[in-house]
Amino acid sequence: RRNILLGAAVGALATPFIRVRPAMAAEFSYKVANNQPLDHPSNIRLAEAQKAILEGTDGRFDLQIFPSNQLGADTDVLGQLRSGGVEFFQLSPVILSTLVPNASINGVGFAFPDYDTVWKAMDGDLGAYARGQIEAGGLVVMDKIWDNGFRQITSSKKPITTPADLEGFKIRVPVSPLWTSLFTAFGSAPASINFAEVYTALQTGIVDGQENPLAIMKVAKLWEVQKYCSLTNHMWDGFWMLGNRRAWQALPEDVQKVVADNFNAAAVKQRADIAEMNKTLKTDLEGNGFVFNDVDPKAFEDKLREAGFYAEWKKTFGDEAWAILETAIGRKL
Ligand code: X2X
């Protein structure tokens, strides 16, 4: 089978960092890729899931974990997932929108006030809507989304305290029309760069800033190349566990169930890990040299509204998706 050969070629280029070898060759040996460093809670919980799946399938299913963009940058790995070169991929819904446009509905600026609202929405109707779009787009998606977090803006040069500070700001954004649009609405100069190149882009000064949740900034050591961190909470972002449909359908139902149950359980534990980290991350990162400031988020949201951001995206997502979002957050945007 063509995709097995392709998989073997990819495997030959990179050895998974995390690997529990089954006693005998497993019947199914599938790869999972993500962009997060090895010590991010996602990879710690994936390593546990790998072991539980191997045991739960009596050694039939061997999961190989490729963290840190080891198999390529996100937009490349999305291609590998579609072709079957990679069987599973953890990806931000907002980046996934390059393939499934309405998958990015959770990324609308300032939509979510807090984590309670996020999990109710993503485990409820909004998540179900997004998963429906993803399945219609030809991919498999697990029920539980993993946490990335509320995104904050960093800069090497100056704190962002008002929307005006974003004018002309050279900021890296992930590859996605929604991200570009959001920062264009602020008058910034957004550059679409995959996460695999972010540290270097900041180090060499191709961009002055970036935006990410604190957990990512900590484990990817972005504090080495950034100074100011503005707590804007401008977007909540997660990671869907996506699967290649043919590879998924090749698994017997009992194996599918063990894999899905363990991925979903790992996601729920990973959310709790990030919640725990969030209690101390600000202090932690201050210790690493970050200088924090708070902002008035309403001023930023008002600026987006003035620039026509919400009107534009309501049109792009359509009335159905927009209504599900507004119901989930309990207000009009
Ligand atoms: O690329 C990013 O900035 C990251 C790690 O947050 C995502 O995967 C969207």
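A residue counts as buried if 20 or more other C-beta atoms lie within 10 Å of its own, as exposed if 12 or fewer do, and as partly exposed in between. Keep that cut-off at hand for the views below, all of which come from a predicted model.

**View 1. P101, a partly exposed loop residue.** Let's put the cut-off to work straight away. P101 has 17 other C-beta atoms within 10 Å, and is therefore partly exposed. Look for P101 in the loop that joins α4 (93-96) to α5 (115-122). Its C-alpha lies 9.5 Å from that of S176, although 75 residues separate P101 and S176 in sequence.

**View 2. The whole protein, for orientation.** Before going further in, it helps to step back. The predicted model contains 15 helices and 12 strands. Its radius of gyration is 20 Å, close to the 20 Å that the globule rule gives for 333 residues, so the protein is as compact as a globular protein of that length. Along the principal axes, the C-alpha atoms fill a box of roughly 60 × 45 × 35 Å. Buried residues make up 48% of the 333. Among contacts between residues at least 6 apart in sequence, 78% join residues at least 24 apart.

**View 3. The largest nonpolar core, with L242 in focus.** This core has 94 residues, and the members that touch the most others are F89, W240, M241 and L242. Helix α11 (residues 253-278) gives the most to the core, with 6 residues. Pick out L242 and follow its contacts: leaving out residues up to four places away in sequence, L242 touches L81, F88, F89 and L91, along with L139, V140 and V141.

**View 4. The surroundings of the ligand.** Here you can walk around the ligand residue by residue. The shell consists of N35, S92, I95, N148, P174, F195, N212, I216 and D237. By residue class, the shell divides into 4 nonpolar, 4 polar and 1 charged.

**View 5. I274 on helix α11.** I274 is part of helix α11. With 21 other C-beta atoms within 10 Å, I274 is buried. Setting aside neighbours within four places in sequence, I274 is in contact with P41, D147, G149 and A215. V259 makes a handy second marker: I274 and V259 are 15 residues apart in sequence, and their C-alpha atoms are 22 Å apart in space.

**View 6. Helix α3 and the buried face it presents.** The buried residues of α3 are D74, V77, L78, Q80 and L81. Seen down the axis of α3, these residues fall within an arc of 160°, so they line one face of the helix. What do the buried residues of α3 pack against? Their partners are the strands β1 (28-33), β3 (88-91) and β11 (236-244), together with α4. One of these buried residues, L81, also appears in View 3, among the contacts of L242. G84 follows α3 and has a positive phi, near 100°.

**View 7. Helix α14, from its buried side to its exposed side.** In α14 (residues 309-317), F309, Y310, W313 and F317 are buried. Down the axis of α14, its buried residues fall within an arc of 85°, so they line one face of the helix. They pack against α7 (177-185), α13 (297-306) and α15 (319-329). On the face turned away from the buried side, you will find the exposed residues A311 and K315. Just after α14 comes G318, which takes a positive phi of about 95°.

**View 8. N69 and K221, non-glycine residues with positive phi.** Which of these loop residues is exposed, and which is partly exposed? Start with N69, which is not a glycine yet has a positive phi of about 60°. N69 sits in the loop between β2 (61-66) and α3 (74-83). N69 has 19 C-beta neighbours inside 10 Å, so N69 counts as partly exposed. Turning to K221, its phi is also positive, near 55°, and K221 is likewise a residue other than glycine. K221 belongs to the loop between α9 (214-219) and β10 (228-231). Inside 10 Å, K221 has 12 C-beta neighbours, so K221 counts as exposed.

Definitions and conventions:
Residues numbered from 1 in each chain as written. Predicted model: local features only at pLDDT ≥ 70, side-chain atom pairs only at ≥ 80, totals over all residues. Core = buried A, V, L, I, M, F, W, Y, C linked by C-beta atoms within 7 Å. Helix = DSSP H or I, 4+ residues; strand = E, 2+ residues; numbered from the N terminus. Contact = placed C-beta atoms within 7 Å. Near = placed C-beta within 6 Å. Nonpolar A, V, L, I, M, F, W, Y, C, P; charged D, E, K, R; others polar. Arc of directions from axis to C-beta. Rg over C-alpha atoms; globule rule 2.2 N^0.38 Å.
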